[in-house]
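Please open the model in a viewer with secondary structure displayed. The tour below proceeds by selection, one stop after another.

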Amino acid sequence: MKLDINKIKTLISIFAVFLLCSNLSFSQQYNLNNEESTLIVYGTSSLHDWNITTENQNGKIVFKDINTSDIQKLDISVKAESLKSGKKAMDKNTYKALKTDDYENITFQIIKVDNISKKVDKKFSVKALGDLTITGVKKQISINFDVDASSAKSIILTGEKTLKMTDFNIEPPKALFGTITTGNEITIKFKSIFN
């Protein structure tokens, strides 16, 4: 029986498309739910400890394979002037330090995942590297966070990261003519929910 070259080419093309579609079906994207997510910055000052909460953030996470928490992409953007402390004077000093007139957003983008360890079924600990940009200064940081993919409808990322403001050319804010000074070190705690 003689094989038709055109039929073979057609079969190979169909098979290639099938493989491509199969690979794409494992890639899943989830978008950040701003209403349910929290991102809080904790700091110190010569007067008292303080915290400031994000009211406006967005982002997305894309998995190559959600069953192994194989993250292909993770982007987060925080509107700088959505950081609120409940005190107008403090917020004003924060926005001045963050130069929000020139830099509207604080962004984080994952560069690579160094390690994924399974805790229990569909719950993982992740070690990754990413680019954090504040006041236009981009720094590569390491970050550890937990991924909970046990729900069929949402992905939950939780973690925290301690940073120094001066690493991003931010002068720690002062108040009352410099009599109250803010500590250089801050800790960012987050619970990011993606749907």
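In this predicted model, begin by selecting strand β8, residues 123-134: nine of its 12 residues are buried, so that the strand is mostly covered.

Next, add strand β7, residues 105-120, which runs antiparallel to β8 and is joined to it by 11 bridges. One pairing to display is K118, whose bridge partner in β8 is F124. The β7-β8 hairpin has two residues between its strands, and K122 adopts a positive phi near 65 degrees there.

On leaving β8 for β9, 12 bridges are found, again in the antiparallel sense. Here K127 stands opposite N144 of β9. The hairpin of β8 and β9 likewise has two residues between the strands, with T135 at a positive phi near 50 degrees.

Now select β9 (residues 137-148) together with β10 (residues 155-164); four bridges pair them in the antiparallel sense. Centre the view on F145, whose bridge partner in β10 is G159. Which residues does F145 touch, not counting those up to four places away in sequence? Among them are I71, L74, I110, F124, V126, L157 and F190.

F145 also leads to the largest nonpolar core, a set of 41 residues. L74, F145, I155, L157 and F194 have the most contacts inside this core. Strand β9 supplies its largest share, five residues.

Finally, display the whole sheet: 11 strands form an open, antiparallel arrangement in the order β1-β4-β5-β7-β8-β9-β10-β13-β2-β3-β6. Its edge strands are β1 (28-31) and β6 (83-84), each pairing on one side only.

Terms used
Residues numbered from 1 in each chain as written. Predicted model: local features only at pLDDT ≥ 70, side-chain atom pairs only at ≥ 80, totals over all residues. Heavy atoms only, no water. Pairing = 2+ DSSP bridges. Core = buried A, V, L, I, M, F, W, Y, C linked by side-chain atoms within 4.5 Å. Buried < 20%, exposed > 50% of the residue type's maximum accessible area, 1.4 Å probe, protein only. Contact = heavy atoms within 4.5 Å.
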